[in-house]
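Trainee: I should like to learn how a structure of this kind is read, feature by feature. May we begin once it is in view?

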There are 2 protein chains.
Amino acid sequence: MRKETRMINELISKIKKTGAPIVVGLDPMLKYIPEHLQKKAFEQYGENLKGAAEAVWLFNKEIIDNIYDLIPAVKPQIAMYEQFGIEGLAVFQRTVSYCKEKGLIVIGDVKRGDIGSTSEAYAIGHLGKVQIGSQSFRGFEEDFVTVNPYLGSDGVNPFIKVCKEEHKGIFVLVKTSNPSSGEFQDRMLQMEDGSSRPLYEIVGEHVAKWGEECMGDSYSNVGAVVGATYPEQGKILRRIMPKAFILVPGYGAQGGKGADLVHFFNADGLGAIVNSSRGIIAAYQQKEYAEYGAERFAEASRAAVLAMKEDIAGALGSR
Amino acid sequence: MRKETRMINELISKIKKTGAPIVVGLDPMLKYIPEHLQKKAFEQYGENLKGAAEAVWLFNKEIIDNIYDLIPAVKPQIAMYEQFGIEGLAVFQRTVSYCKEKGLIVIGDVKRGDIGSTSEAYAIGHLGKVQIGSQSFRGFEEDFVTVNPYLGSDGVNPFIKVCKEEHKGIFVLVKTSNPSSGEFQDRMLQMEDGSSRPLYEIVGEHVAKWGEECMGDSYSNVGAVVGATYPEQGKILRRIMPKAFILVPGYGAQGGKGADLVHFFNADGLGAIVNSSRGIIAAYQQKEYAEYGAERFAEASRAAVLAMKEDIAGALGSR
């Protein structure tokens with residue numbers, strides 16, 4: 001069993017050990033999964049939800065086996081499993097569990113958020129234990145989850161409560177990587193002193209405040225999601241939330257580059273972890289890694305992780 | 001098979017038929033479930049996740065059997081199932097499926113929201129079909145789901161796309177019923193003309209715009225969530241989104257009363273559907289319905305639905 005510790009401390013220790021502030025997004029889509037794996041899964045379970053879920057599992061397992069020693073963490077995107085119903089979610093759980101066996105920290109990208117006892121049910125289901133009679137059980141068992149802040153503190157506090165009990169953590173959406181993230185997040189708010197500030201800054205301030213309740217040694221167990229595609233905003237948010245680890249999506253396939261990332265990190269070289277999904281798990285489908293072919297897709301993923309690691313280390317080294 | 005029609009038309013037709021603009025929230029917690037049902041489930045499957053999920057199923061089924069003829073729709077809150085992991089989610093699916101057999105419209109309270117292909121995966125998983133080889137399959141199969149707007153149009157449009165294909169609908173969170181909903185939703189935004197308006201109004205305007213793309217006969221398949229606990233805001237939002245059906249949580253246990261609800265409805269007597277969860281499914285635990293006892297809990301739920309129907313009809317009749 002893993003030692004119960006503040007999860008953010010453990011994440012930092014693994015980042016230092018691997019030298020890679022990198023998280024790989026396990027967001028499988030059938031079109032990424034090589035023909036031979038799909039065929040194998042469909043032959044065993046049929047061309048149906050169970051067969052598709054098995055194909056996802058075979059794909060994930062081979063990738064994990066090829067990259068687990070290079071990185072501190074993975075981030076399975078639950079939507080990609082949920083689309084296959086119960087069968088898909090069973091493979092989500094199997095993936096989480098296998099990653100933990102391999103020593104990886106698992107960030108469940110679930111973007112949940114509700115109020116009161118409902119948010120608590122999500123927190124219990126993904127990070128905690130549910131009480132049944134005299135015993136308690138884990139439904140899913142991620143180490144961190146992503147949380148949507150739109151409902152305010154009522155939605156976030158139940159997660160923090162469970163994080164404290166379980167020594168786990170969350171990343172709250174602040175400024176997301178997508179093109180339309182500004183529609184609401186960038187709106188200018190009227191402040192009491194007559195000035196105006198964008199919504200994402202105010203959400204960032206709440207993250208800093210929530211984080212104070214749930215500190216690790218140097219960083220909080222309450223982190224934030226800020227897209228690589230918005231480096232200027234990242235710079236400001238880094239300052240507003242000095243103790244929050246920033247989970248940075250949008251690297252690679254979404255357009256973010258290593259050089260865009262430097263401002264997400266603190267002077268200690270820590271404070272951010274950069275996600276790449278498609279760019280790693282479907283590397284073999286890109287021109288750069290085409291030589292590997294579909295049979296050696298997981299080796300292509302390993303090569304892509306090594307390249308990403310070098311890109312980020314280079315950008316951080318030259319600042 | 002249900003005739004493929006615009007889902008909002010079907011919801012309106014069922015509201016007219018039952019005379020009840022009411023949705024019952026199937027948000028089971030173990031503490032609501034009578035001892036004798038828990039015992040039965042645990043004896044069969046053990047005091048574990050499967051046993052707890054079975055207790056939820058037995059509880060839901062008896063309530064549904066006792067109220068399905070009175071109401072147009074139910075709203076299972078997926079968090080309450082997700083906390084029991086895969087076993088719980090299997091009972092969520094079983095509940096959705098059973099409610100549809102009974103002729104009820106099912107609003108999945110999932111509050112999902114992500115970007116691009118990820119939001120599309122949620123939409124496909126809950127409202128649509130996933131393509132596997134030459135066939136397509138449904139993971140879950142709600143008629144409507146609730147959606148979180150924080151990520152902007154990139155997060156909502158994939159749901160609208162699936163709604164159009166499948167003749168289904170969504171309710172977008174605009175102003176939620178919880179005490180801290182104002183933390184971000186009520187923030188005053190600076191408008192170009194120098195005026196200022198709260199965020200929830202701007203989100204409401206987006207709902208109206210998104211809804212134009214996906215109209216039924218008189219209302220849109222894109223609705224909104226506005227809490228009963230905020231009647232003044234409801235009045236304004238009713239005007240901003242004239243074609244959006246409003247799903248109104250917060251009635252009963254959260255403090256909203258029939259009289260607070262009149263402004264959520266249009267002059268045609270339509271335009272809103274009011275949710276009660278705990279107030280119905282755990283009615284037997286309230287003083288008012290204590291006479292039923294735990295054995296007849298589902299009859300207490302039926303009595304509570306009838307009382308709620310009368311309260312709302314009275315409030316609407318006297319305006």
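The dialogue below takes up the chain pair, the barrels and the packed helices in turn.

Mentor: Please keep in mind throughout that this is a predicted model.

Trainee: By what turn and what shift can chain B be laid on chain A?

Mentor: A turn of 180 degrees with a shift of 0.0 Å along the axis lays chain B on chain A, and the RMSD is 0.0 Å. The two copies are therefore related as by a two-fold rotation axis. In chain B, the C-alpha nearest that axis belongs to Leu189(B), at 2.2 Å from it.

Trainee: How many residues of each chain are in contact with the other chain?

Mentor: The general idea is that the size of an interface is often given as the accessible area lost when the parts come together. Here we may use residue counts: 61 residues of chain B are in contact with 61 residues of chain A. On the side of chain B that touches chain A, helix α6 (residues 116–127) of chain B gives the most, with seven residues. That side of chain B is made up of 30 nonpolar, 24 polar and seven charged residues.

Trainee: Why may one say that the copies meet through the same surface?

Mentor: Of the interface residues of chain B, 100% are also interface residues in chain A, so the copies meet through the same surface.

Trainee: Which strands form the closed barrel of chain A, and how are they paired?

Mentor: Eight strands of chain A close into a barrel in the order β1-β2-β3-β6-β7-β10-β11-β12, with parallel pairing. Neighbouring strands of this sheet are turned against each other by 30 degrees on average, direction ignored. As one pair to inspect, strand β3 (residues 105–112) of chain A is joined in the parallel sense to strand β6 (residues 144–147) of chain A over three bridges. There, Ile107(A) has Phe144(A) in β6(A) as its bridge partner.

Trainee: What does helix α7 of chain A touch on the sheet?

Mentor: Helix α7 (residues 153–166) of chain A packs on the sheet and touches β6, β7 (169–175) and β10 (222–226) of chain A. The direction of this helix makes about 150 degrees with that of β7(A). Helix α12 (residues 297–317) of chain A also packs on the sheet, touching β1 (22–26) and β12 (272–276) of chain A, and its direction makes about 145 degrees with that of β1(A).

Trainee: How is the packing of two helices to be described?

Mentor: Two packed helices are described by the angle between their axes and the distance between the axes. In chain A, the axes of helix α3 (residues 49–67) and helix α5 (residues 85–101) come within 8 Å and cross at roughly 15 degrees. α3(A) and α5(A) are therefore roughly parallel to each other. The crossing of α3(A) past α5(A) is right-handed. Among the residues that meet are Trp57(A) in α3(A) and Tyr98(A) in α5(A). This contact of α3(A) with α5(A) comprises nine nonpolar, four polar and four charged residues.

Trainee: At what angle do the axes of helix α3 and helix α12 of chain B cross?

Mentor: The axes of helix α3 (residues 49–67) of chain B and helix α12 (residues 297–317) of chain B cross at roughly 45 degrees and come within 8 Å. That angle makes α3(B) oblique to α12(B). The crossing is right-handed, and the residues of the contact of α3(B) with α12(B) divide into four nonpolar, two polar and four charged.

How values were computed
Residues are numbered from 1 along each chain as its sequence is written. Chains are lettered from A and ligands numbered from 1 in the order in which they are written. This is a predicted model: local features need pLDDT of at least 70, side-chain atom pairs count only at pLDDT 80 or more; totals for chains, interfaces and linings use all residues. Copies are superposed by least squares on the C-alpha atoms of residues with pLDDT of at least 70 in both. Two residues are in contact if their C-beta atoms, placed from the backbone, lie within 7 Å. Helices (H or I, at least four residues) and strands (E, at least two) are DSSP runs, numbered from the N terminus. Ala, Val, Leu, Ile, Met, Phe, Trp, Tyr, Cys and Pro count as nonpolar, Asp, Glu, Lys and Arg as charged, and the others, Gly among them, as polar. Axes are lines fitted to C-alpha atoms, for helices over the stretch in contact, and angles run from 0 to 180 degrees between N-to-C directions. Angles under 35 degrees count as roughly parallel, over 145 as roughly antiparallel, 65 to 115 as roughly perpendicular and the rest as oblique. A crossing is left-handed if the near helix is turned anticlockwise from the far one by less than a right angle, and right-handed if clockwise. Two strands pair if DSSP finds at least two bridges between them.
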